[in-house]
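Thanks, everyone. Please have the sequence and the model open while I talk.

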Amino acid sequence: MTLRPNTLRPAASAPALTLALTLTLGLGACASTPVAVQELAIADAAVQRASSTRTTQLAPMELGVAVAKLGSARAAQAAGNHAQARRLADEATLDAQVADLRADTVQSVGAAKESEDAARALRDEITRKTAR
């Protein structure tokens with residue numbers, strides 16, 4: 001068995017090392033910012049759920065904010081800005097929930113007012129009958 005002389009390569013040049021390090025860090029950054037598919041799906045479902053006739057009539061501004069943020073999240077995702085897409089999708093989900101809750105509140109306030117009006121009318125009727 002013959003021994004070979006030491007065939008180690010010379011040290012890599014500084015530009016090559018810099019390029020390798022930059023590529024490694026760049027790929028690592030991409031891996032740490034995954035695509036916001038799940039967040040977009042959740043936001044889409046929340047906006048669809050909130051997009052009822054009731055919410056459209058009772059909380060149109062809040063629903064409009066949710067729809068706009070979902071559109072912005074999709075645009076950010078398409079542009080490759082996954083962190084912004086995730087943030088906007090989360091905000092769209094919350095805004096859709098706010099729209100739904102706002103519609104519930106407006107509807108509840110309306111029902112309470114109707115109950116108060118009915119109670120007042122009944123009280124007035126009882127007062128008229130006892131005054132005779």
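Helices here are DSSP runs of H or I with at least four residues, numbered from the N terminus. On that basis, the protein chain reads α-α-α-α-α along the sequence. That is five helices and zero strands. Keep in mind that this is a predicted model.

Some totals for the chain. There are 132 residues in the protein chain, and 20% of them are buried. Now take the contacts between residues at least 6 apart in sequence. Of those, 75% join residues at least 24 apart.

Next, the helix pairs. Two packed helices are described by the angle between their axes and the distance between the axes. Start with H4 and H5. Their axes come within 8 Å and cross at roughly 165°. Angles over 145 degrees count as roughly antiparallel, so H4 and H5 are roughly antiparallel to each other. H4 passes H5 in a left-handed crossing. Who makes the contact? On the H4 side, the residues include Glu-62, Leu-63, Val-65, Ala-66, Lys-69 and Leu-70. On the H5 side, Leu-88, Ala-89, Glu-91, Ala-92, Asp-95 and Ala-96 are among them. By class, the contact of H4 with H5 has 13 nonpolar, four polar and five charged residues.

Now H2 and H4. Here the axes come within 10 Å, and the crossing angle is roughly 155°. That makes H2 roughly antiparallel to H4. This crossing is left-handed. From H2, the residues are Val-37, Leu-40, Ala-43, Asp-44, Val-47 and Ala-50. From H4, they meet Leu-63, Ala-66, Val-67, Leu-70, Ala-73, Arg-74 and Gln-77. The contact of H2 with H4 divides into 10 nonpolar residues, one polar and two charged.

On to the core. The largest nonpolar core has 14 residues. Which of them touch the most other members? Leu-40, Ala-43, Val-47, Leu-70, Ala-73, Ala-89 and Ala-96 do. Three elements give two or more residues to this core: helix H2, 37–50; helix H4, 60–78; and helix H5, 82–131.

Look at Val-47 in more detail. Set aside residues up to four places away in sequence. Val-47 then touches Leu-63, Ala-66, Val-67 and Leu-70, and also Ala-92 and Ala-96.

One place before it in the numbering, take Ala-46, also in helix H2. Is Ala-46 buried or exposed? It counts as buried, because its relative accessibility is 4%, and the cut-off for buried is under 20%. Beyond residues up to four places away in sequence, Ala-46 touches Thr-93 and Ala-96. The C-alpha atoms of Ala-46 and Ala-92 are separated by 8.0 Å, and these two residues are 46 apart along the chain.

Last residue: Asp-95, in helix H5. Why does Asp-95 count as buried? Because its relative accessibility is 16%, and buried means under 20%. Asp-95 is also one of the charged residues in the contact of H4 with H5. Leaving aside its neighbours within four places in sequence, Asp-95 is in contact with Glu-62, Val-65, Ala-66 and Lys-69.

To pull it together. H4 is roughly antiparallel to H5, and H2 is roughly antiparallel to H4. H2, H4 and H5 each give two or more residues to the largest nonpolar core. Val-47 and Ala-96 are among the core residues that touch the most other members, and these two touch each other.

Technical notes. Residues numbered from 1 in each chain as written. Predicted model: local features only at pLDDT ≥ 70, side-chain atom pairs only at ≥ 80, totals over all residues. Heavy atoms only, no water. Core = buried A, V, L, I, M, F, W, Y, C linked by side-chain atoms within 4.5 Å. Buried < 20%, exposed > 50% of the residue type's maximum accessible area, 1.4 Å probe, protein only. Contact = heavy atoms within 4.5 Å. Axes fitted to C-alpha atoms, helices over the stretch in contact; angles between N-to-C directions. Parallel < 35°, antiparallel > 145°, perpendicular 65-115°, else oblique. Left-handed = near helix turned anticlockwise from the far one by under 90°.
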